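Work through the exercises below with the sequence and the structure open beside you. Try each task before you read its solution.

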Amino acid sequence: MMRKKINDTTLRLLGSMLIGLMTTTWCVAASPPTGWQTKTLNFGAPDLRADIALPKGATLQTVNYEPRQPNTAGRSVVVGKVTPSKTVPADVSIVAFDLEYPAAAVRLCAYEVQATGLDVISLSVSDDSASADLRSLKADEGKPVQVGFTRCLTRGTKLLVFHFVTATTGKHDERTAMRTGKSVETFARTMLDDIRFADGKPASHWAEMQDIPLKLGQHAATLNVSPAWQVVINDFNGAVPAEMHMVRKRDGKNAGLVWLAALETPNGFDMTRDGQSLLRDFMAKQSPDFGDAKLLSNDALPLSEGASGTKHRFRFEIRSKSGGEAGDLLATLTHSGHMLYAVALWSAPVSGNNREKFMARLPGLTAYDLAQDALNRLLTH
């Protein structure tokens with residue numbers, strides 16, 4: 001049975017409340033507030049050992065994380081639980097991931113939230129994409145019945161997910177959902193904003209990444225690239241046109257390609273017509289076996305504040321010339337003036353259940369997100 005989507009009125013009201021929450025400053029307290037105490041999280045891994053704040057008398061249960069098995073994309077374990085009580089307003093679960101390669105927090109965070117049956121309605125991401133906060137909601141017949149808050153922290157090849165969820169009580173209306181969501185987020189922030197890890201490193205950080213310099217005109221930015229990828233072309237030295245290609249291999253075969261480009265466009269460039277043509281031509285040049293590219297979606301995206309032009313996200317399904325699967329393409333094109341900026345990800349076909357497919361694609365999605373972040377920095381500095 002399909003889940004009912006929340007109505008537009010609820011989204012608008014919750015969005016107004018959440019905008020205020022998103023701009024809240026993350027304060028670091030010197031000690032837990034009155035009625036709270038410091039608790040140590042011990043999941044059997046030195047880089048996951050940390051001190052958090054919990055209400056006095058709260059019940060915390062922990063188990064050891066389980067390392068990733070060789071030749072797998074990752075492994076996850078529910079390593080912690082905090083039982084709801086008079087002082088704990090939500091069901092709190094902690095999931096530890098051990099990954100083959102570092103991952104963008106928001107990608108994994110969103111997948112985990114949606115896997116629990118909630119819909120993401122708001123998110124905020126750190127400047128380096130190593131941490132993310134997501135706010136979520138579950139509706140029944142258009143009425144909110146559950147609210148959630150999730151914080152994800154990338155720590156090298158490990159990632160922690162703190163998930164807080166509770167049912168709305170009394171009237172299942174927008175005001176109740178807003179009030180409950182605010183209470184849950186306030187609790188989560190008190191618990192986690194002063195988290196301190198035993199290894200002395202920041203709560204969220206990248207590790208084992210290569211810094212790739214990019215320059216466009218007089219603007220410069222650094223792209224973080226994981227060991228999953230090899231940079232084979234980088235023409236971002238200031239001049240236009242500029243392109244960067246990264247490739248990923250698995251078992252000696254191509255598993256992914258990331259393309260970052262800044263190109264001049266002719267007068268009359270049409271995003272739908274010419275954008276599609278550009279992406280089809282690009283893919284056709286990547287392999288002699290690539291055949292038809294079937295357009296799955298073409299969505300207009302909002303531009304950054306103060307920006308002009310158009311921005312679209314395209315999804316294609318690629319077929320081989322023999323008729324088999326040849327993967328898919330995800331691309332974001334931004335057209336402004338006589339310039340076109342492209343970020344594209346080709347992923348090879350993968351097998352398995354939905355979770356296994358997502359985990360296999362996670363290194364590519366992370367590289368795509370980080371490339372988009374680097375391009376945004378180039379265009380806004």
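**Exercise 1: Two unusual backbone angles**

Glu141 counts as exposed because its relative accessibility is 59%, where exposed means over 50% relative accessible area, buried means under 20%, and partly exposed lies in between, with a 1.4 Å probe and protein chains only. The model is a predicted one, in which local features need pLDDT of at least 70, side-chain atom pairs count only at pLDDT 80 or more, and totals for chains, interfaces and linings use all residues. Residues are numbered from 1 along each chain as its sequence is written, and side-chain values use heavy atoms, with hydrogens and water left out.

Task: find where Glu141 lies, and then treat Asp251 in the same manner.

Solution. Begin with the place of Glu141, which is the loop between strand 7 (131-140) and strand 8; helices (H or I, at least four residues) and strands (E, at least two) are DSSP runs, numbered from the N terminus. Next take its backbone: Glu141 is not a glycine, yet its phi is positive, at about 55 degrees. Turn then to Asp251, in the loop between strand 15 and strand 16 (253-264), where phi is again positive, near 55 degrees, in a residue other than glycine. With a relative accessibility of 76%, Asp251 counts as exposed. Most residues other than glycine have a negative phi, and most peptide bonds are trans.

**Exercise 2: A cis peptide bond**

Task: state which residue is joined to Pro241 by a cis peptide bond, and locate Pro241.

Solution. The cis bond joins Val240 to Pro241, with omega at about 5 degrees. Pro241 itself is found in the loop between strand 14 (237-238) and strand 15 (242-250).

**Exercise 3: The disulfide**

Task: name the two residues that form a disulfide, and decide whether they are buried or exposed.

Solution. A search of the whole structure gives 1 disulfide, a term that stands for a pair of cysteine sulfur atoms within 2.5 Å. Its partners are Cys109 and Cys152, whose sulfur atoms are 2.2 Å apart. The pair links distant parts of the chain, since Cys109 belongs to helix 2 (residues 105-115) and Cys152 to strand 8 (residues 143-155), 43 residues apart. The torsion about the S-S bond of Cys109 and Cys152 is about 85 degrees, so the disulfide is right-handed. Finally, both Cys109 and Cys152 are buried.

**Exercise 4: The largest pocket**

Task: describe the largest pocket by its volume, and say which element gives the largest share of its lining.

Solution. First fix the terms: on a 1 Å grid over the protein atoms alone, a pocket is an open set of points where a 1.4 Å probe fits, with protein on both sides within 12 Å along at least five of seven lines, and lining residues have an atom within 4 Å of a point. Grid points are joined across faces, edges and corners, and a volume is the space filled by probe spheres set on the points. The largest pocket holds about 1600 Å³ of space. It is lined by 41 residues, and those closest to its centre are Arg107, Arg313, Leu330, Tyr368 and Asp369. Helix 5 provides the largest share of this lining, 9 residues.
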